[in-house]
Amino acid sequence: MPPSKTRRGRRSGKDRAQENASETTCVWLDGHCRGTDNRGKSFSTLDSWWKRYTKNAPAKCANAKPSSSTSKEKKPSDDWYSVCERYWERVEATNNGMLGGFPDISSIDLASSYKFLTSLLKVNDATVGTESNRHNKRAIDVGAGIGRITSGLLAKIFDQTDLVEQSQSFVDRARLELKQLINAGKIGSIYCSNLRDFSFEHSYDLIWIQWVLMYLLDIDLISFLKRAKQALESGGMIVIKENHTHSGFYADTEDGSVIRSDDHFKLLFKAAGLNLVAEETQLNNFLDQLFPIKAYALN
Ligand SMILES: C[S@@+](CC[C@H](N)C(=O)[O-])C[C@H]1O[C@@H](n2cnc3c(N)ncnc32)[C@H](O)[C@@H]1O
């Protein structure tokens, strides 16, 4: 059997059916979550933006893949997720593609993540990967793309890293990029799944989630984080590293993403029952064209 395998880690229809009963997307329903979209329109809630957007969205793009939904009944949010899937289908499977045309930020991004993570785990270059550390056994790279973070960060610290990514072509590319690590037994399971359908098969010392939560609706994001919390080993941690706005949300109809504010993220963490252990602004003022980037450690 090969050391890594591509499988679909899906949740049951029953789990999904419970959530389908009421489709509300935003945790802020009292009108305080204002924002704009890339067409310059303002909205009083993320929910109102999303409802308007999905109402006007085409039922299905001609070349779209079948929806990843397990339910036969089409949900309004399928339109939202198909925008994102179609966008990523067109993106090249390279660091340039993963990083939106800024491949040069990869090394500084990985270096600042390494510093943040090793300070949290209380390990250093001499002790990473040694038996003396109890909390560096298994990690998972969530929204892994082609495995940039697995190879540049997680595999340096953890005995084994799993990956979850929605795009089959990125999963295939990741298997090539990570070939040496796969042969060395450093890669566990590689799952091809949308996060809203993903259920954890293993428990983890670290769940690393970077530049992917912007593609999830609030309700799916909270549900995913709840499942992630359940999948933590005792003493384990979730690290989330995402773009954020200074206030309100910024929604992009091109790739089906929503950039959230720090306050919004913290409400989502609370709703998922997570405790904030540490937070840090990363790549501060590195490039004017980038949104501010923040890392959160939670358990
Ligand atoms: C900006 S790239 C970041 C990739 C990787 N985290 C990195 O930093 O190199 C976003 C990735 O998230 C994946 N993605 C987007 N929405 C997703 C979803 N709902 N479930 C799983 N993966 C998703 C995309 O296919 C893409 O590979």
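Select residues 57–71 to begin: pLDDT (the predictor's confidence in each residue, from 0 to 100) stays under 50 there, and the model has 20 contacts beyond four places in sequence for this stretch. A contact is a pair of residues whose C-beta atoms, placed from the backbone, lie within 7 Å. This is a predicted model, in which local features need pLDDT of at least 70 and side-chain atom pairs count only at pLDDT 80 or more, while totals for chains, interfaces and linings use all residues. Residues are numbered from 1 along each chain as its sequence is written.

Next, select residues 1–23, where pLDDT also stays under 50 and the model has 41 contacts beyond four places in sequence. Where pLDDT is low, the predicted coordinates should not be read in detail. Over the protein, pLDDT averages 82, and 76% of the residues score at least 70.

**The ligand**

Display the ligand and the 19 residues around it (C-beta atom, placed from the backbone, within 6 Å); G143, G145, R148, Q166 and Y215 come nearest. The shell consists of 11 nonpolar, 6 polar and 2 charged residues. Here Ala, Val, Leu, Ile, Met, Phe, Trp, Tyr, Cys and Pro count as nonpolar, Asp, Glu, Lys and Arg as charged, and the others, Gly among them, as polar. At least two shell residues come from each of α3 (76–89) and α6 (148–157); helices (H or I, at least four residues) and strands (E, at least two) are DSSP runs, numbered from the N terminus.

**Helix α6**

Colour α6 by burial. A residue is buried if 20 or more other C-beta atoms, placed from the backbone, lie within 10 Å of its own. Because 8 of its 10 residues are buried, α6 is largely enclosed by the rest of the structure. The buried residues are R148, I149, T150, S151, L153, L154, A155 and I157.

**Strand β12 and its partners**

Move to β12 (residues 293–298), in which 5 of the 6 residues are buried. Strand β8 (residues 232–245) runs antiparallel to β12 and is joined to it by 6 bridges; strands pair if DSSP finds at least two bridges between them. Strand β11 (residues 276–282) is likewise antiparallel to β12, with 6 bridges. Centre on L298 of β12: its bridge partner in β8 is I238, and L276 also stands opposite L298.

**The nonpolar core**

Finally, select I238, which touches I207, I209, A228, L232, L274, L298 and N299, not counting residues up to four places away in sequence. I238 is among the residues with the most contacts inside the largest nonpolar core, as are V142, I207, W208, I209 and V239. That core, a set of buried Ala, Val, Leu, Ile, Met, Phe, Trp, Tyr and Cys residues joined through C-beta atoms within 7 Å, has 68 residues. Helix α9 (residues 218–230) gives the most to this core, with 6 residues.

How values were computed: A residue is buried if 20 or more other C-beta atoms lie within 10 Å of its own, exposed if 12 or fewer, and partly exposed in between; C-beta atoms are placed from the backbone. Two residues are in contact if their C-beta atoms, placed from the backbone, lie within 7 Å.
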